[in-house]
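This report looks at how a ligand is held by its protein, and then turns to selected helices and a loop. Please keep the sequence and the structure at hand while reading.

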Amino acid sequence: MKISGTGSSLPKLEVTNDMLAGFLDTSDEWIRTRTGVVSRHVISDERLEDMAVDAAGKALDSAGIKAEELDFIICSNVVNEYVTPQLSSIVQGRIGASCPCMDINCACAGFIHALEIAESFYMAGRVRNVLIVCAEEPTRMTDWSDRRTCVLFGDGAGAAVLTPGDNIKSIKLSASSAVDKLWQYRLLLPTPYVTKDEHDVPLQMKGQDVFKFAVKAASNDITRVLEEVSLEPDAVDHYLLHQANIRIIKAIQDYLEQPADKFPTNIRNHGNSSSASCPILLDESVRNGIVKKGDLVMMSAFGAGFVSGAALFEL
Ligand code: UT7
């Protein structure tokens, strides 16, 4: 397939590090130097589905595709206000599409997993036009009195429309079960029969373990992708990495021995928006002219599970 259009949507409220330091034992200096984040967009009165629909509409417009022409919609989402139906069913109805759809929950690596599904369905002859929407509100998962987690995240939605083509060169996915490193429990309703001790637990993260996993997984995934297409890191025009921590991006950049200007970032003003991070970065990089038609792009993401993946495509 090829990525024919992109779109993104953000909540209007921008929360700066200094605003966080107003109620948390933290500082702009700590957050900026340890993560690269200066401000993030945080949901206030918006609904995630509205942002998903907005990003989807922009991606369809930029691809020149009508919702009725879509054959499949994949939404990547960890949490939203609905437990059911899936977010993709809500998006399908609101954009006026009539095709099948499904949600996936692959945390921050959701966009690359969705690309793999779309490409596989296309190669099997089952779809021609696919919409991917990644919409995430991780700020609703963290404990806002926990400075170790809540400062890292931001909300938003990113979308892409895929149409027939041979621009996707290679995708590699990985999984390595590690539930205790990055997890959250959601309390389900009681029944007359449940005897287990259950409670809500906000997002928990062993930061340094996740950091090490991220650098190792991304380096491995990118290397495997390059090996499959017999290319060296120099051949790639842009590395679009999951925006989790500027130090993780720098470590991967050092591993690949590539110049910093090949790694566009937006973590400074977005924080980590889980699976929305990659498609938002792609959309912004396309719209501001950094990534152009014909450029070779390596995308790589990693997250809870652990899961990770890398994809090489020509825009
Ligand atoms: O999307 C994938 C999911 N997440 C990630 O990829 C995140 C991966 N991990 C990371 O990015 C980093 O590990 C963090 C940014 C989460 C933490 O950075 P770190 O350099 O690994 O710091 P640390 O956890 O070793 O903590 C260092 C110190 C601690 O204090 P002590 O024990 O040395 O006194 C923390 O309590 O920094 C303290 N600390 C803070 N201080 C001020 C932790 N969070 C904060 C904070 N403000 N927000």
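How many Å separate a polar side-chain atom of Asn-245 from an oxygen atom of the ligand? In this predicted model, the two atoms lie 2.7 Å apart. Taken alone, the ligand exposes 960 Å², of which the protein buries 74%. Two further polar atom pairs join Asn-245 in the table below, and one of them involves the backbone of Gly-207 rather than a side chain.

| Residue | Protein atom | Ligand atom | Distance |
|---|---|---|---|
| Asn-245 | polar side-chain atom | oxygen | 2.7 Å |
| Arg-34 | polar side-chain atom | oxygen | 2.8 Å |
| Gly-207 | polar backbone atom | nitrogen | 2.9 Å |

**The shell around the ligand**

The ligand is surrounded by 23 residues, the closest being Thr-26, Arg-34, Gln-208, Asn-245 and Asn-272. By residue type, the shell divides into 11 nonpolar, 7 polar and 5 charged residues. Domain 1 (2–165) and domain 2 (170–314) each provide at least three residues of this shell. Among the elements that contribute, helix 2 (28–35), helix 6 (207–228) and helix 7 (246–256) each supply at least two residues, and helix 6 gives the most, with 4 residues.

**Helix 6**

Helix 6 has 22 residues and reaches 31 Å from its first C-alpha to its last, which is close to the 32 Å expected at 1.5 Å a residue. Its buried residues include Val-210, Phe-213, Ala-214 and Val-215, and further along the helix Asp-221, Ile-222, Val-225 and Leu-226. Helix 6 is followed by Ser-230, whose phi is positive, near 55 degrees.

**Helix 5**

Helix 5 (residues 110–123) has 14 residues and spans 20 Å between its first and last C-alpha atoms, close to the 20 Å expected at 1.5 Å a residue. Buried residues in helix 5 include Gly-110, Phe-111, Ile-112 and His-113, and Glu-119 is also one of them. Just after helix 5, Gly-125 takes a positive phi of about 80 degrees.

**Arg-147 and its loop**

Arg-147 is placed in the loop between strand 6 (130–136) and strand 7 (156–163). Is Arg-147 buried, partly exposed or exposed? Because its relative accessible area is 45%, which falls between the limits of 20% and 50%, Arg-147 counts as partly exposed. Arg-147 and Ser-177 are 30 residues apart in sequence, and their C-alpha atoms are 26 Å apart in space.

Note on methods. Residues are numbered from 1 along each chain as its sequence is written. This is a predicted model: local features need pLDDT of at least 70, side-chain atom pairs count only at pLDDT 80 or more; totals for chains, interfaces and linings use all residues. Side-chain values use heavy atoms; hydrogens and water are left out. A residue is near a molecule or strand if one of its heavy atoms lies within 4 Å of it. A polar contact is a pair of N or O atoms within 3.5 Å; within protein, one must be able to donate a hydrogen and the other to accept it, and residues adjacent in sequence count only if both atoms are side-chain atoms. Accessible areas come from the Shrake-Rupley method with a 1.4 Å probe; for residues, only the protein chains shown count as cover. Ala, Val, Leu, Ile, Met, Phe, Trp, Tyr, Cys and Pro count as nonpolar, Asp, Glu, Lys and Arg as charged, and the others, Gly among them, as polar. Domain bounds come from an automatic or database domain assignment. The expected span of a helix is 1.5 Å times one less than its number of residues. Buried means under 20% relative accessible area, exposed over 50%, partly exposed in between (1.4 Å probe, protein chains only).
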